[in-house]
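Biologist: I'd like a close look at a single part of this one, taken slowly and with its surroundings filled in. Here is what I have on screen.

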Amino acid sequence: MAGTITQAKMKFSRIVNGRSYSRFSQNPDGDSSRVEVKLSVEGEEEEMDGTEQGHVQRDEYMRSSVSAPLTKWRILVCVGVILTIFCVGLVIGYYVHRKSELPSCSLENSEGQPAQKIQNTEVQPTQKVQNTEVQPTQKVKNTEVQPTQKVQENQDVNYDAPVPSMDWSDIVKLLNDKLSSENIKAKLSENSQRDRYAGSPVDNKLGDKIHDLFTELKMEPWVDEHYVKLQFPNSASPNKVWFGSEEIGSPKGFLAYSETGRKKGRVVYVNYGELADLQTVTNEYKVNLNGSVVLMRAGKISMAQKVMNAAKMGAVAALIYPDQADYKTMSEDTDLYGHVHLGSGDPYTPGFPSFNHTQFPPIRSSGLPGILAQTITNKMAQQIFAKMQPSKVPDHFRGNFPDYKLGQETDIVDVAVYNKLVDTKIHNVFGVIKGYVDPDRYVVIGAQRDSLSWGYAKSTVGTTLLMELARVFTELKKDGFKPKRSIVFASWTAGDFGNVGVTEWLEGYWASLDRKAFTYISLDGVVTGVGSFRASASPLLHTLLQNTLKKVKNSGSDSSLLQSYGGSLSSLLTPMQMDDAAYPFLAFSGIPSVSFSFISSQATGDYEYFGTDMDGKSELDRVTGQNVVQRSLVAAQVAGQMALRLVHDHILKLDVTTYGNVISDHVSAIISRVNSLKSDKVDQIESLSTEWLNAAKSSFGRAAASLATDIKDSDLDDIEMCRIINNRIMKVEHNFLSPYISLREIPFRHVFFGNGWQTATDLEKYLDDVHKKKASFDKDQVLRDFALLTWTIQGCANDLAGDIWSLDNEI
């Protein structure tokens, strides 16, 4: 009100005098008789917000240093003038203030909330109230907004928010009713496009389309831009393979992030390229792989693992082909696409986000193998085997070729790889449905949209379901569903280069995401067949996943998914792999994550057409019996019910007790191996005690039980109490990221699901190698590993226990 009165006085002064004093300043010479006065030029008005417009003219004037004596008459006149100005100012101020308020009070937006006013201009739902105005329909290619500001900044916890008025059964029924097979079918057709590689015009156009949809749904979309290095074939210098002087071929497929150049060496066939295969070749067949070109068949493990294993054995190049024993229906001329980075994200900014304003010295990820790597077709591999000298191979190395050979010294293969690094601008696209109670807590549902090949099963289906779930969730909200927490929808790109888009976003905001995002649900590759089901998930999500599979009906059946696929979740679970888009969330950021897929009954690995031009609609229709849409609908129900359950209930549906089983299994395995070493009477093993590791396991069990008691004894209608309990639950996964190692050195720091020496699995393997005489016992190393693992588990237990006076200090 004071500001309004001041503005009114200024207007009144202009009316009376036509010229107003705006500021006085003492003459720098120190003479108080000379004062500089800054005057507003007559006719030039000020805005109501106090911002001056036009030029300001500066005048100087002289006044006497001695004031005239004040008489009683003059005093009365001055007081009268002041009171008159004050009263007139009050009247004008009240009128101006009242006039400015009335329009905004009468306007409401589509949600029934008062429309925001900025200088009498209504702000649209997706406009940014910042220094620059962003139009609601702004596209991916020219928008750069911080990806976490939508659900993090200036979000106050709404403790007075209404409790959701819909029962869970009503929400599930609405979800199932609103999911449309016709919409899914139409979107699948629209989104299936060629040349959708990251950063391409087609990829960007699809990103624009998703952005437009989120805008239409009033999801306040925003875009996350990154500048990354991607590797593509060089059309001017194609990659080639020779056997001796004869050219075998110039494949179209390639492996991103291979070293470039030309190398030759003895070719050696090493089966799938697993460490056990390489050890068989070197130990049993006495073949020195140093300086060799290894020939491997695709499958079993990732291409990045294969090439890294070969590099560790001293190979100079690696060739990977699809054997018909593993790719039974694939054409012999089919090319393979992939990458060799044993990690995720941009390998030239490891541990750091690839933002345009961040400058780092040249650096390479330790996950780059540093050797040439190239895919070849099945037909090219047959030509190489036909030219090799006869040699014996292990029986389990054989596939469907007429003959397999290990390779002789005279079998020389020459490989040339001339891929080029391209600085590429990529866009992740986001939309949000905000929660009514805890808007700063959110579940993320994401899907990759890019592909180096057709990518129908890998990315088209997931992107389609992302768009469909966004539409359905928005309609649920309109129908009265009030989520307690927010739901973020994310469209990633550069997934075919090693989850680059996902990882760069996590690297950019990892410091806050673990305190905000509590679950990630991946939609990548959710339909690759029929007859079976597979899932990878954090233990915190096992119970929720199992209960969801109990409730979702299998298409064309009255049985639930869990009943249809064996009745036990444990038989459906598989370890989460590094190529999974959910893996960086779990192992890098400590956010519980889940991915799942409907697969063929006979499937033993990934969908065989991933990374090939055969990953198209016709092949997926064939392997699913023309049931892609129906399977996609059921997949949407699984993902949708999990997400809705996580934002509906008072307490997060993350079961901390399941981690007690994981810890117990690992601790038991370590104790068993230590006892074996004691039986072997390994030197210095007597000083190695598992007492404290076992005590940390028990501490976690007690903390989990204490949490269950607190939940049982708490008033779940107390929103603040629920938030305190949920905060304890949300920290569990993050606390299993080892705090004792550098994020820069080992990005996947998770002690159970990460990658590196800090993991319980790595410790178990080392103790096993000592027992098998494959490694010597290093007491200091083992004591260090024991201590760090113990205190990581104990630290998680302490945080889960709650307040400082509730900590378990028995260890």
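Which residue stands opposite K264 in strand 15? Please start from there and work outwards through the sheet and whatever packs around it.

Modeller: K264 has D414 facing it in strand 15. Bear in mind that this is a predicted model, so everything below is computed from predicted coordinates.

Let's stay with D414 for a moment. On strand 7 (residues 240-243), W242 has D414 as its bridge partner too. So D414 turns up in two pairings: with K264 and with W242. Strand 7 and strand 15 run antiparallel and share 4 bridges. On the K264 side, strand 10 (residues 261-269) and strand 15 (residues 412-417) are also antiparallel, this time over 6 bridges. One residue along from there, K263 sits opposite V415 of strand 15. As for burial, 5 of the 6 residues of strand 15 are buried, which leaves the strand mostly covered. As a general reminder, strands of a sheet pair through backbone hydrogen bonds, in either the parallel or the antiparallel sense.

Now zoom out to the whole sheet. There are 7 strands in it, ordered 8-7-15-10-11-12-14, and the sheet is open with mixed pairing. The edges belong to strand 8 (246-249) and strand 14 (372-375); each has a single partner strand, so one side of each has no neighbour in the sheet. On average, neighbouring strands are turned by 30 degrees against each other, ignoring direction.

Going along the order from strand 10, the sense of pairing switches. Strand 10 and strand 11 are parallel, over 3 bridges, and V268 has V294 of strand 11 as its bridge partner. Strand 11 (residues 293-297) then pairs with strand 12 (residues 317-321), again in the parallel sense, over 5 bridges. In that pair, V293 stands opposite A317 of strand 12.

Just off strand 10 there's a backbone detail worth a look. N271 is in the loop between strand 10 and helix 7 (275-284), and its phi is positive, about 60 degrees, although N271 is not a glycine. In general, most residues other than glycine have a negative phi. N271 is buried, with a relative accessible area of 2%. Compare D195, another non-glycine with a positive phi, of about 55 degrees. D195 is in the loop between helix 5 (181-191) and helix 6 (201-216), and D195 is partly exposed, at a relative accessible area of 47%.

What packs around these strands? A good way in is I384, which is among the residues with the most contacts inside the largest nonpolar core; that core has 178 residues, and F473, F489 and F700 are the others named with I384. Leaving out residues up to four places away in sequence, I384 touches V241, F243, I248, V267, L295, L319 and I376. Match those to the strands: V241 and F243 fall in strand 7 (residues 240-243), I248 in strand 8 (246-249), V267 in strand 10 (residues 261-269), and L295 in strand 11 and L319 in strand 12. The biggest contribution to this core comes from helix 16 (residues 628-648), with 13 residues. There is also another core apart from it, of 28 residues, including F430, Y509, A517 and A582.

Since F700 came up, follow it to helix 18. Helix 17 (residues 657-679) and helix 18 (residues 691-713) pack at about 170 degrees, with axes 10 Å apart, and are therefore roughly antiparallel. On the helix 18 side the contact uses L693, N694, K697, F700 and A704; helix 17 brings T657, Y659, G660, I663, S664, V667, I670 and I671. Sorted by class, that contact has 8 nonpolar, 4 polar and 1 charged residues.

Finally, some context for the whole chain. The protein has 21 helices and 21 strands, and 52% of its 811 residues count as buried. Of the contacts between residues at least 6 apart in sequence, 78% join residues at least 24 apart.

Terms used: Residues are numbered from 1 along each chain as its sequence is written. This is a predicted model: local features need pLDDT of at least 70, side-chain atom pairs count only at pLDDT 80 or more; totals for chains, interfaces and linings use all residues. Side-chain values use heavy atoms; hydrogens and water are left out. Axes are lines fitted to C-alpha atoms, for helices over the stretch in contact, and angles run from 0 to 180 degrees between N-to-C directions. Angles under 35 degrees count as roughly parallel, over 145 as roughly antiparallel, 65 to 115 as roughly perpendicular and the rest as oblique. Contact means heavy atoms within 4.5 Å. Ala, Val, Leu, Ile, Met, Phe, Trp, Tyr, Cys and Pro count as nonpolar, Asp, Glu, Lys and Arg as charged, and the others, Gly among them, as polar. Two strands pair if DSSP finds at least two bridges between them. A nonpolar core is a set of buried Ala, Val, Leu, Ile, Met, Phe, Trp, Tyr and Cys residues joined through side-chain atoms within 4.5 Å. Buried means under 20% relative accessible area, exposed over 50%, partly exposed in between (1.4 Å probe, protein chains only).
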